[in-house]
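Here is a short tour of one protein model, written for someone who likes to look at a structure before going to the bench. Have the sequence and the 3D view open as you read.

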Amino acid sequence: MVIIEDILRRALLAAVERFGVFEEDVEIELEKPREAGHGDLSSNLALMLGGRLKRKPRELAGEIAAALELPRDIIESVEIAGPGFINFRISRSHQIERLLSLADPHGALEAIRTGGGKRINVEFISANPTGPLNVVSARAGAFGMTLTRLLDAIGFDAHAEYYVNDAGRQIKLLGRSLRAHYLQLLGEKVEFPENGYKGRYLEIMAAELLAQDSKAIRDAGAAFDDESFQRIELPCGDAKDWKDLPEEESVGCFAKYALMKILGWQRETCRRFGLRFETWYFESELHETRRIERALEKLRKQGAVYEAEDAVWFRSTDFGDEKDRVLVRADGMPTYFLADIAYHYHKFQRGFEHAIDFWGPDHHGYIPRMQGAMQALGVPEGWLEIQILQQVTFIEDGRVLDMSKRKGQFVTMDALMDEVGADVAKFLFLMRKPNSHLDFDLDLARQQSDVNPVLKVKYAHARACSLLRIAAERGIEVGDPTPGSLAHLEDESAWAVVRELVRLPQVIVSAAASREPHRLAGYALEIATLFNQFYNQVKRILDQEPERRLALLHLTVMTRFVLRKVGELIGVDMPEAMEKRD
RNA sequence: GCGCCCGUAGCUCAGUUGGAUAGAGCAGCGGACUUCUAAUCCGCAGGCCGCAGGUUCGAAUCCUGCCGGGCGCGCCA
């Protein structure tokens, strides 16, 4: 498979040598012009050299173009345009070759697998297990999962991971909150814990607990007997036994139960949203394996730690942070920060060559101290990459929804999926670039109508399927596309589809490299639009004379192929048929 | 006050990493279904790309300063 950009780059370099310009002097850029009339690829070389050589760019472009030696079977034409662009048009036969290469197991999609199987850890969502997954996590889920698949597509071995904060204060608070709800149901006078979790889900959980005996609880826990959830453990007996234990112990029992239930919800929600985590990493494991102490010890050995005011501090100012940070509180408890250091260090020790974390915008101030800790531990610079996903604001009835879990007023991911469906939600999140704030209007998303662009993509795929199905019903032999069959492709609208389809490998590479999975959503929409335009323009494809018809059907086969590929990457189902809307 | 992100059509957002005449969907107006799925397509209208400077052949994109919005600045997680 020849890479056309390489051919052009070499030819351009050879052509400018006569002006005393060599490889090390200039970077040759080739890009696809916005306007189809400007050709398939464009170089701004003459514009860049014009000033340096004190020449008029347009004249220079002409001289460069005249000196180019290019294979005519691949490059059909070279034109000078505008202020001095050199535009290249790729021959149809080569475009067809590029198109067919997409479906070839050794073709263009194989050529981009340059990652060499390097293991990359991608961590996202990692919500506290104190309530159902908030809809804010849906954006992280859509992005993280798509990036994981993109990295696999370019030859890495990407590994999706979820960190479970099942230790520490908030779990105790969760236990206390559930216990309070439970005792209230029994008519006992109890004070609800300050800052406790007030969501209705805990009231419901308490009511459920009232009816559950120890066997039912054990059975519920048995659902977690798979690899990633070995750490779920349940208290003995049932709630009637727990409530009379000494308070500390009692709270622990309720906490364990709540944790089991909530992780069950979260796991189910993720599954429903199409998220597959290879690892659910439990914070409690860090405590048990003494990794937290060991990390602290290692930091101490590096001289990055000191004691003051009864607490243990990390010298994060040495690493560019604005102040030093506490690792162990005056009461002897490790901070969340220290646990997080131990967690990431263990991630490094587990053999990942690179790690990507998706964090919310409220954690951005946390980056310098985390990177500082990694540096102090001797982790190579750049090993940990932190991507900030900007905030989502949900709007309902024109009002902004407060998503605080403590107050219990939030929209769950499940509610979102109930109302708009997982695919619609995923696509809407994936359409936006990661570092822009996003207003999500629930009322708009609910309308199963034209505001849902994902339907347009699905519809285009279903249309392609339907066309091929009817062709088969009429006994038209379609088979696999070949250079010979596609050589009869004449319609301009069909070629517009081809030019977009062949971009697939490049779109995958750039989306993965820039960590901007949203480009895939835009690409899918572009293909759907072009395919629909083509479909409307050609009309009655099956009634065309056989050679033209076969070419059009083979283009349809390739369109279906690309839409499916993109659908797999963004986790959106591409249906064979859509229900007719009246 | 300091740090990060954002400011593009009435609304929600793209803009291929500095390119040629700034795009799409929705909303508005006008067209196209005896036809392989009209959840589609075609056309019209809509813009000081927050403002002001700078960098250069060339800026929505990079730099500086303002203005406006969001988030963060705990021995919380």
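Let us begin with Asp25: with a relative accessibility of 33%, this residue counts as partly exposed, because that class lies between under 20% for buried and over 50% for exposed. Keep in mind that you are looking at a predicted model. Along the chain, Asp25 sits in the loop that links α1 (4–16) to β1 (30–31). On the surface, Asp25 joins Glu17, Glu23 and Glu24 in a negative patch.

Now step back to the whole of chain A. The chain has 582 residues, and 53% of them are buried. Its secondary structure comprises 24 helices and 15 strands. Measured out along the principal axes, the box that holds the C-alpha atoms is roughly 90 × 65 × 45 Å.

Next, the cysteines. How many disulfides does the structure hold? The count is zero. Cys253, for one, takes part in no disulfide: the nearest cysteine sulfur belongs to Cys236 and lies 7.9 Å away. A disulfide needs its two sulfur atoms within 2.5 Å, so the 7.9 Å between the sulfurs of Cys253 and Cys236 does not qualify.

Are Cys253 and Cys270 buried or exposed? Both are buried, Cys253 at 11% and Cys270 at 1%, because each value falls under 20%.

Here are the residues with their relative accessible areas side by side:

| Residue | Relative accessible area | Class |
|---|---|---|
| Asp25 | 33% | partly exposed |
| Cys253 | 11% | buried |
| Cys270 | 1% | buried |

Technical notes:
Residues are numbered from 1 along each chain as its sequence is written. Chains are lettered from A and ligands numbered from 1 in the order in which they are written. This is a predicted model: local features need pLDDT of at least 70, side-chain atom pairs count only at pLDDT 80 or more; totals for chains, interfaces and linings use all residues. Side-chain values use heavy atoms; hydrogens and water are left out. Patches are made of residues with over 30% relative accessible area and no salt bridge: like charges are joined within 9 Å, nonpolar side chains (Val, Leu, Ile, Met, Phe, Trp, Tyr) within 5 Å. Accessible areas come from the Shrake-Rupley method with a 1.4 Å probe; for residues, only the protein chains shown count as cover. A salt bridge is a side-chain nitrogen of Lys or Arg within 4 Å of a carboxyl oxygen of Asp or Glu. Lys and Arg count as positive and Asp and Glu as negative; His and the chain ends are not counted. The place of a charge is taken as NZ of Lys, CZ of Arg, CG of Asp or CD of Glu. Helices (H or I, at least four residues) and strands (E, at least two) are DSSP runs, numbered from the N terminus. Buried means under 20% relative accessible area, exposed over 50%, partly exposed in between (1.4 Å probe, protein chains only).
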